[in-house]
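Grab a viewer and work through these exercises at your own pace. Each one sets a task and then walks through a solution.

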Amino acid sequence: IGGSSRLTGAAELRGVLVALEPLGTVFIRLITMVVVPLVVASLFLGVASLGDVRTLGRIGGKTLAYFAGTTALAATIGLAVAQAVHVGAGVAAGMGTTFAGSASEPQAAVTSAVAKVPSLVQTFVEMIPQNPVASAAQGDLLPLIIAVCIFGAAATVVQGEGKQALLRFFGGVNELAMVVIRWLMWLAPYAVFVLIAATVARSGPELLLSLATYALVVVAAMAIHVGTTLALALRFGARIGVGSFVRATSDAVALAFSTASSNVALPVSLAAARERLGVSNEIASFVLPAGVTLNKNGAAVYKAATAVFLANLYGVALGPAQWVAIVLTTVMASAAGAGVPGSSLVTTLIVLNAI
């Protein structure tokens, strides 16, 4: 707003908000610090706890195929809805340059990275781990995830004290990562406030409209996934009506929604599956704990839509190779997260790193 209508002291307030932005940047760096320990520990424990991969049998194979398939569909729906709406693309001209200029990398580096977007074949080749330690040090998370999955699968066929020592070690690392994430989630509202306030002060209120559109896109994509993929799987796969299923599992759903944690809801989910849905204890005790670790459809929708939103915001062109990279890394990043509040924020960096 120009002229005499300008808010008194607005320039000074803008300067204060921009000056506070490094505090938000510190929060982002702390979040990034947790990524590698969380991904390695939680994913290794999840895979190693599946049981011998050679003896998982038909139920185990179907379960893992269902997890991978529904997560991939969730990521695809999130990607498609975000692409169709062009979320993030309607921001005022030049705002992407503003963001890049305020980021940790200079604009020239961002432009250079955009110019080096890999092809589809190169994307697949670079997914194969060569040196997991170097990948962790460089923040190249996709090869690291694949390496962890391979070693986790190997751990399922090993017996003895060595395996138990590994599980205890990675269990301890995972617990430490959860504690750090809980601490960071206490800081999150204030850090996010500083980051958004500084960005809006620098770029204008158009960003808020873009963020609101992004939030609606994520919720709409999740609703589409629930109403199509999951409802159809329930009706034709499990042969259970949606109403009957909701009545049987309402307490577990309510607990998961109110706590934002699938881990917390696991005991209630197990009880609902055994007592009200008639699922055998053998199947429920394998499928549900594995699902809490590996099957996070909502996180997949969120990560894919976030990748498209930020790519449009920064002016990064997305083609078929990048779409495939987003879906593949979203599936892996969703499995790498933990079923606690805040972990999806951390593992979304895996998807962004891939594009």
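**Exercise 1: a helix pair**

In this predicted model, helix 9 (residues 206–237) and helix 13 (residues 297–314) pack with their axes 10 Å apart, at an angle of about 145°. Work out the handedness of the crossing of helix 9 and helix 13, then list the residues that make the contact and sort them by class.

Solution.
- Step 1: look at how the two helices pass each other; helix 9 crosses helix 13 in a right-handed way.
- Step 2: collect the residues on each side. Helix 9 brings L207, S210, L211, Y214, V218, A221, M222, H225 and L230. Helix 13 answers with N297, G298, V301, Y302, A305, T306, F309 and L313.
- Step 3: sort them. The contact of helix 9 with helix 13 has 12 nonpolar and five polar residues, and no charged ones.

**Exercise 2: aromatic rings**

Search the whole structure for aromatic pairs: how many turn up? Then classify the pair F44 and F170 and say whether these residues are buried or exposed.

Solution.
- Step 1: the search of the whole structure gives four aromatic pairs.
- Step 2: for F44 and F170, the ring centres are 4.5 Å apart and the planes sit at 35°, so this pair is tilted.
- Step 3: place both rings in the fold. F44 belongs to helix 1 (residues 10–48) and F170 to helix 8 (residues 161–203), so the pair ties together parts that lie 126 residues apart in sequence.
- Step 4: check the burial; F44 and F170 are both buried.
- Step 5: look for company. F169 joins F44 and F170 in one aromatic cluster.

**Exercise 3: a proline in helix 1**

Find P22 in helix 1. What burial class does P22 get, and how far apart are P22 and V194 in space?

Solution.
- Step 1: the relative accessibility of P22 is 48%, so P22 counts as partly exposed.
- Step 2: go from C-alpha to C-alpha. P22 and V194 are 8.8 Å apart in space, with their positions 172 residues apart in sequence.

**Exercise 4: the whole chain**

Sum up the protein chain: which helix and strand counts does it have, what share of its residues is buried, and what surface does it expose?

Solution.
- Step 1: count the elements; the protein chain has 15 helices and zero strands.
- Step 2: of the 355 residues in the protein chain, 39% are buried.
- Step 3: take the contacts with a separation of 6 or more. Residues 24 or more positions apart account for 81% of them.
- Step 4: turn to the surface. The protein chain exposes about 18300 Å², and carbon and sulfur atoms supply 69% of that area.

Conventions. Residues are numbered from 1 along each chain as its sequence is written. This is a predicted model: local features need pLDDT of at least 70, side-chain atom pairs count only at pLDDT 80 or more; totals for chains, interfaces and linings use all residues. Side-chain values use heavy atoms; hydrogens and water are left out. Rings of Phe, Tyr and Trp (its six-membered ring) pair if their centres lie within 6.5 Å; planes under 30 degrees apart count as stacked, over 60 as edge-to-face and the rest as tilted. Helices (H or I, at least four residues) and strands (E, at least two) are DSSP runs, numbered from the N terminus. Buried means under 20% relative accessible area, exposed over 50%, partly exposed in between (1.4 Å probe, protein chains only). Contact means heavy atoms within 4.5 Å. Accessible areas come from the Shrake-Rupley method with a 1.4 Å probe; for residues, only the protein chains shown count as cover. Axes are lines fitted to C-alpha atoms, for helices over the stretch in contact, and angles run from 0 to 180 degrees between N-to-C directions. A crossing is left-handed if the near helix is turned anticlockwise from the far one by less than a right angle, and right-handed if clockwise. Ala, Val, Leu, Ile, Met, Phe, Trp, Tyr, Cys and Pro count as nonpolar, Asp, Glu, Lys and Arg as charged, and the others, Gly among them, as polar.
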